[in-house]
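My notebook for today is open. I want to look up strands, rings and charged pairs, one entry at a time.

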Amino acid sequence: MEFLLIIVVALLAIIAVVVIFNFLGNRKARQAEADALRNRTYRPGDPFSSADDDSVYGDPRQLKPGDLVELRGETYAVRGTVRLTQDGYTWTENFLDTGVGNKAWISVEDDPDLEVVLWHELSGVVVEPGPGSVEVDGRRYHSEEAGSARFTSAGTTGVAASGRMAYHDYQAGEDRLSFEDYGSGWECARGELLGRTDYRIFPSNPSDQNI
């Protein structure tokens with residue numbers, strides 16, 4: 001009988017030890033979790049950021065002479081880049097050329113969302129900017145923004161290395177119309193807003209591309 005009692009007491013002692021260790025272990029785990037939550041650093045991010053797209057399609061903000069742009073199945077070389085600045089705000093215009101006669105410009109703005117526009121120069125436009133609306137090729141465009149900016153250029157652009165230009169932008173839905181004067185009179189171009197999958201960028205020096 002005594003022997004049986006000793007066994008029972010021993011079993012109860014073992015059970016007590018196990019319960020205490022489990023309690024202490026759970027308490028330590030809860031404390032570690034609380035400390036982790038308390039010490040966690042909150043890093044806010046823009047839910048509409050294009051960073052993931054940039055890693056796949058390339059970052060148009062970093063375009064420079066020598067880069068290649070695949071635009072709807074056609075490959076263009078960036079021959080020159082104009083960087084414009086107005087009141088601390090900066091945007092770029094990039095001269096594209098296929099080498100077989102197709103030329104275009106791509107402008108890149110980030111205010112605050114990324115906007116990439118494909119431009120083709122228009123010839124024979126007789127209207128000049130200034131009115132609240134203008135009509136070109138049967139389409140009426142409404143004034144969006146006008147002003148002047150300082151610019152610097154690199155590569156082949158057809159404009160001076162630096163200086164000041166004037167612009168007047170018009171819009172009709174998703175279509176754009178822009179007048180620019182780099183010192184030799186107004187030039188007109190029609191623009192088309194590009195989606196993120198309409199183009200892909202292949203930088204000439206990938207290490208310089210911040211993606």
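Is Phe179 buried or exposed? I found that Phe179 is buried, with a relative accessible area of 1%. My cut-offs: buried means under 20% relative accessible area, exposed over 50%, and partly exposed in between (1.4 Å probe, protein chains only).

**Ground rules.** I am working with a predicted model, where local features need pLDDT of at least 70, side-chain atom pairs count only at pLDDT 80 or more, and totals for chains, interfaces and linings use all residues. Residues are numbered from 1 along each chain as its sequence is written, and side-chain values use heavy atoms, with hydrogens and water left out.

**Strands.** I took strands as DSSP runs (E, at least two residues), numbered from the N terminus; two of them pair if DSSP finds at least two bridges between them. Strand β3 (residues 89–97) pairs with strand β4 (residues 103–110) in the antiparallel sense, over six bridges. I checked one bridge there: Asn94 has Ile106 in β4 as its partner. The two strands make a hairpin with five residues between them, and Gly99 in the turn has a positive phi of about 90 degrees. Next I followed β4 to strand β5 (residues 114–122): they run antiparallel and six bridges join them. Here Trp105 has Trp119 in β5 as its bridge partner. This hairpin goes through three residues.

**Rings.** I counted five aromatic pairs. Rings of Phe, Tyr and Trp (its six-membered ring) pair if their centres lie within 6.5 Å; planes under 30 degrees apart are stacked, over 60 edge-to-face, the rest tilted. Trp91 and Tyr167 are edge-to-face, 5.9 Å centre to centre with 75 degrees between the planes. Trp91 sits in β3 and Tyr167 in strand β8 (residues 162–172), 76 residues apart, so this pair links distant parts of the chain. Trp91 is buried at 8%, and Tyr167 is buried at 5%. Tyr89 joins Trp91 and Tyr167 in one aromatic cluster.

**Charges.** I used this rule for a salt bridge: a side-chain nitrogen of Lys or Arg within 4 Å of a carboxyl oxygen of Asp or Glu. The count comes to eleven. Asp97 forms one with Lys103, with the closest N and O atoms 3.8 Å apart. Asp97 is buried at 9%, whereas Lys103 is partly exposed at 44%. Salt bridges that share partners also join Asp59, Arg61 and Asp110 into one network. Inside that network I looked at Arg61 and Asp59, whose side chains meet at 2.8 Å, N to O.

Notes. Helix = DSSP H or I, 4+ residues; strand = E, 2+ residues; numbered from the N terminus.
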